[in-house]
Each structure stands twice: as structure tokens, then as C-alpha cells.
Amino acid sequence: MKMRIVRMVALSLVLGLLLASMPNGWQAVGQDVTKPQLVQHPWESPSVALSFLQKMQAQNGNAFVLQAELDDMIAPNGGGACATAAGVDALQTIRYMSGLETTLNPYRLACSAISQQPELLKGRVTNASFVRLIKTGQAHLCGLTVDIDVHSAPNSVHDDAKRFWSETDGPNVTIAPRQVKVLSYTVTEANGTVLGRHFVLLKDFKKNEITVIDPHSPVKDRRYILELKAKAADTPSRVFLLNPAGTPLRTSTYELNTVFTITLVSKLAALHPEQRSDVSVEYVKHQIAETAKLLKGRKDYTSPTAWRELTAHFGLPGLDIPIKNGGAGWNAVKTMEVFRYAGEHNLNFRDIVGGAHARALLHSTDPKVLEIVRQVASGKGYVAIAITEPTAGSDVAAIKATATKVDGGYRLTGTKKFNARLGQATHLILFTQGTTGVPGKLSVFVVPIDTPGLKIEELTAHGLTGNSFGGVSFTDLFVPESQLIGTDGEGLRVFFNHFLYWRLMQTAAAIGTGQNALKQMADRIEKREAFGAPIGRFTHLQQPIGQYTTQLNMAYALAKEAAEMIDRGDYQGARAIICGLKAEGVEISLLAVDAAMRAFGGEGYSTEVDLGDRLKDLLGLRIADGTTDVMRMDVVRHVYGDKFWRMAVQPKE
Ligand SMILES: Cc1cc2nc3c(=O)[nH]c(=O)nc-3n(C[C@H](O)[C@H](O)[C@H](O)COP(=O)(O)OP(=O)(O)OC[C@H]3O[C@@H](n4cnc5c(N)ncnc54)[C@H](O)[C@@H]3O)c2cc1C
């Protein structure tokens, strides 16, 4: 408090003139004259958090609990349910600020609060009850804890603890990171009838004006001017909420009664697995940005294994691995946004998110195989997959590698080529023909990469250089029965399920790469001058930005639809959409990056900007995981009938 007074004195000279011109007596009360504190994550600011939640509420209606939806539960004469709604909405804000995903159904928080505190249903919520609501609500914060501080007006009859704010300083309504303030004010009608207290969330405080979110209609901001009525003979100082100039006058009086300050005490640091599943997409994206800053300019910048080790503490390598296997258990919709964001940084980051090819191992029930998945989730393992051979790629069923059943396992023979990750992986998934004797009934095995008998060959790739590119051969390689994934002969099923998901995530990464190129392009054409003015005036340079921005957005909207289908387990329904997206998402991104590179002229052809590398990366992704041509054929096959596929691939009788 002393500090605050000293600071106020020091600044009073500077602010004197400004404050003197204020229309009320707010000068002495709760000045926001300090510089904003350093906000570690942008969303730790209550203003940012509440703005985000308002947007979410407007879009999906699931960010806040509305007072009106609880009002009917409150006893007659109990007033409204604003206190319970504001308390739950404050907890939702705290979740977001802490980096946890918001609760999609905040009404569950409200039900839980009411079941633990039935007195909330009586209305007229006391300060003690409100504090209890927040304290018990901590159970929904994944182990994080909050403190709650209560300060009331000197004339408040609601504060049993008698913690009143200072007559001279007034209430502290400043905004601070990791803090949510709930204000309660008493509403009194013109005839003197006291209607009760209303509870709102403080979103912002500037000069003498507060912006609050009212649980009655939380999408809209409400603004009030704080007016201090100084202490007179035997009446204490009082703080009123006035409507700002230009807004309709109201006849009732709003008098500030209590300020509840809820402070997030603990941080998401080394996350427990249950927190990993609950962290928000925004939190993960922020951590990726921080890690990218850390590695920028270093050789490790595009190394998937360096990334996996460094990011395990917040769960990135296990994001889409089930919780029971050591991962965060994220669904496809959420994971996909992280892939898109990773691709914005660098298409090599397509390999830093989630379990990647380790997810194919989830078809096994063998504890040792599932242990590999766990290693991947913890950032220690990395899995390569070898299907393509010198003579078969798109035609997966035509691979020549064989498996022969022997005592206790199988002996594998074959040669794989054009496979990524062999130089970094800890384990390798190998596809062979199965032992059923039916061509195309494939089998899948997993082996440690250092298994004697695996001969790895290196090739040099043009792009996606964060990973190695090469091949592997093996002759009579013994693999124990337990390392067969799924059953002998069901390899194509493993392949399709796994690659459908993987293609969708790769598309998202490609979309991110394209989007970032367009941002670079917009910046370039605004700043670069030719013939006396910015090159952005040449509208042909604006056209591709408009065109590809929309096309990429369209692709991403469709990708979300496909991700929802995957989350519902509808792989068959999603197949044509995902194959189409793998083709078109990559192709649009290629066009976007190409356009951006041209807008950079000579610089675009140099390594001073990364667009040339991204172009080469995308040329690789156009082939990897299914070529554009084959993906388009697959769309026709699944939308218009298998006859078209047969027409294309079956030799004429
Ligand atoms: C960067 C990169 C990473 C890769 N990583 C891996 C990996 O980790 N593991 C792995 O096993 N493989 C990997 N591959 C290999 C990749 O999966 C294959 O190259 C791809 O499936 C194509 O097979 P292919 O090279 O044999 O080409 P082919 O199948 O011989 O195709 C040659 C051309 O014919 C076209 N074509 C073929 N069939 C059809 C059809 N039915 N309709 C229309 N057009 C057709 C293709 O589009 C292509 O243009 C990777 C490739 C790249 C470039």
C-alpha cells in the first residue's frame, strides 16, 4: 500500500492536470497508473482471456453460464443467479488464463457448485458462500490452485470478515495478469428499495472507467464510470457506478459493494499427464513458439528428435496418444490445429507433433510394443515407417517384401526405399506381404532400429531435410511374434486407418505453411517499393493473396469436418474428404508459397527468406503419404464408384 501511495505522489504532478479535469472524485481511488505487469502468456491477462471467451460465447454459446438459465432455480425472493453464474464464469476464465482448455460445458461446473452448496439456490449469496464456490471450484482446475481475497465497502453489510477497503485509496480494481476480479454492486431503486447485489466480472479498468462482463448477457461489454463520494462527517466514502456520457440514464443506483480478487497461484510447469490432456490449444501453440525461439539458428531447429525431447514437458510428442499409453489423449480436431500452427513455422515441424507413426502401433496389444508408444509420448522414442520399395509405392499392395512364419515369429526379407526418418528413429515399422499366400494381404511389424540385420542406406532429399531420407534392406530378419502389429494379413487395414489420420494432419501442416507464406507476401508487397511506390499497388500481386487465403480457409474448414468424423470413428465417411484434402491442401499451399516467393524477387530465390525451402518441402509432401494424383483418383473412386478406379488400374481384359 505504501508503495502505491509513493508512486501516486510521484506521478501526481504529471497526472495532476489530467485528473483535475475528471468529472468526478475518482482521483484518489484505485489509479491504474502502474505500467502493465509483464504478461508471460498473453492470455494471462483477464482482458485478453475474457475477450477470447466472449468471442467463443458468440460463436458457440459454450464459454459462459448465463444467469437467465439458472434464474428459475433460485428461490422466490432470492433474486437472480448472477453470483453463481459469475463465480462459474470466473472459474472458466481462470481455466483459460492458466493455459487449460475451457470447459465445453460450463453448466457442469454450475451443477457441481450447486450440488456442493445447495444454499446457492436460496439466492442472496453471501461473501462467504461466493468464496466457497470458488474454492470448491478449484477441483475443476486440474490441480491448480487459486487464492481469493475479499474487500468490501466500509458501509457493506455483507462482509462478515470486515475486510473493508481504505477510505482514501478505495477499492483496488486494477487489472493484473493471472487475476480475475468479480465485482458486486448493490442495486437500489429510485424510491429507495434495495433490490440486492449484482455480480459481474471485471474485464478492464482505464482511468476512472471499468469494463465488466455481466452474466446476464456476457457477449456484450458494459462500461461504468466509477465515482467516489468522499467520506463526509459520519458517512464513509462510497463508490458508485455511473453510466458513461452518451448512454441512457438509469433511475436505479449501483453502489460498489465488494471486490473479490481471484488469483491463480500455481502455474502449469512440468505438467502431470492429466493436465496435459486439459491444456488448451493456445497454450501448446505458445509453447511451440517459445521452443522455436530457443532453437532458431541452431542445427537442431528442424530436428524432430530434438523437438520431441524439448517439448515432452508440456506433452507435445504425446498429444494424440491415448492417456492410458502415456499421452494427452487429444482428439483430432484439437491436434489438427497444432499441426496447422506447427506448419506455419516450418513444414519440417509436421514431425514434431503427437505420436506420428507410433500411433499405428496402437493396433497391438503387446505390452512391449505399447511401451514403444509410451516412449514416444515421453519424447524419447521416434518411429519410422517403411512401406515404399524401389518397385512399389502408390501401389502399396504390390510391395515385394516377404514374411515367412517360423518358430516363435517371422523371418522378413525385402528392400525399402524413399523412406523418411530412418536416421533419427528409435523404431521402425515394416510392411511386408503376409503369410496367407494371398497377394496384397499385407503384414506389419515393428523392430528396434538397431536390430542386427537392418541395412540402412542414405539418400539426399531436396526438402524436408529435418528428417533423413533413404532406404533399408533386410534378409531373413527374425522378428518375434509379439512384434506383429494387428493380425497377419490385415496390414492394409492398419495402413488405411493410420494414413487417413496422418494425411489429415499433414494437410493441416501444409495449410499452415501456405498461410504463413501469404502473411510474408502481404508484408513484402506493403513494404517493397518499385517505380516510386509499394509493389502492393500492382493488383496482380494482391490477387493471389485473396485467392489462396480463401482457398486455404476453405480447405481448413473441410479439414475440421473430417477431423470431427475421425473423432466419431467414421473413417470410411472421411476417406474421400481426407484424400481430397491431402491433394488440394498441398497443391493450394504450393501455389501460395510459389506466389509469395515470386513477390520477393531475387531475395525470394535466396536463403534470406525461407520460401524456397518451404516450396521444396511441399514438393516432397505432394509425393509423401500418397501423391496428389492418387489422392484425386481415390476421391473419384469413393464419391463416384469403384468402377472408375478399376477402369484406371485394371489391365484391359
Ligand atoms: C518426402 C518423402 C517422404 C517419404 N516418406 C516415406 C516413408 O516414410 N515411408 C515410406 O514407405 N515411403 C515414404 N515416401 C515414399 C512415398 O510414399 C512414395 O514415393 C509415394 O507413395 C509414391 O510412390 P512411388 O514413389 O513409388 O511413385 P509411383 O507409385 O511409381 O508413382 C509415379 C507417378 O505415377 C503416378 N501414379 C501412380 N499410380 C497412379 C494412379 N493410380 N493414378 C494416378 N496416378 C498414379 C503418381 O502420382 C506419380 O506421379 C516418401 C516420399 C517422399 C517424397
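The following paragraphs lead through a predicted model, from its confidence values to one of its sheets and then to a single serine.

Across the protein chain the pLDDT averages 91, and 93% of the residues score at least 70. Residues 1-39 call for separate reading, since pLDDT stays under 50 over this stretch, for which the model nevertheless has 57 contacts beyond four places in sequence.

Turning to the sheet, one finds an open arrangement of 4 strands in the order 9-10-14-13, with antiparallel pairing. Strand 9 (402-406) and strand 13 (455-459) occupy the edges, and because each has a single partner strand, one side of each is left without a neighbour in the sheet. From one strand to the next, the twist averages 10°. Strands of a sheet pair through backbone hydrogen bonds, in either a parallel or an antiparallel sense. Here strand 10, which covers residues 409-420, and strand 14, which covers residues 469-480, are joined in the antiparallel sense over 10 bridges; as for an individual position, Lys417 has Gly471 in strand 14 as its bridge partner.

A further site to examine is Ser184, which lies in strand 2 (residues 179-188). With a relative accessible area of 0%, Ser184 falls under the 20% cut-off and is therefore buried. Residues up to four places away in sequence aside, Ser184 touches Arg197, His198 and Phe199, together with Glu255, Leu256, Asn257, Thr258 and Phe260. With Arg197 there is also a polar contact, in which the side chain of Ser184 and the side chain of Arg197 meet at 3.2 Å.

Key
Residues numbered from 1 in each chain as written. Predicted model: local features only at pLDDT ≥ 70, side-chain atom pairs only at ≥ 80, totals over all residues. Heavy atoms only, no water. Pairing = 2+ DSSP bridges. Helix = DSSP H or I, 4+ residues; strand = E, 2+ residues; numbered from the N terminus. Axes fitted to C-alpha atoms, helices over the stretch in contact; angles between N-to-C directions. pLDDT = per-residue confidence, 0-100. Contact = heavy atoms within 4.5 Å. Buried < 20%, exposed > 50% of the residue type's maximum accessible area, 1.4 Å probe, protein only. Polar contact = N/O pair within 3.5 Å; in protein donor to acceptor, adjacent residues only side chain to side chain.
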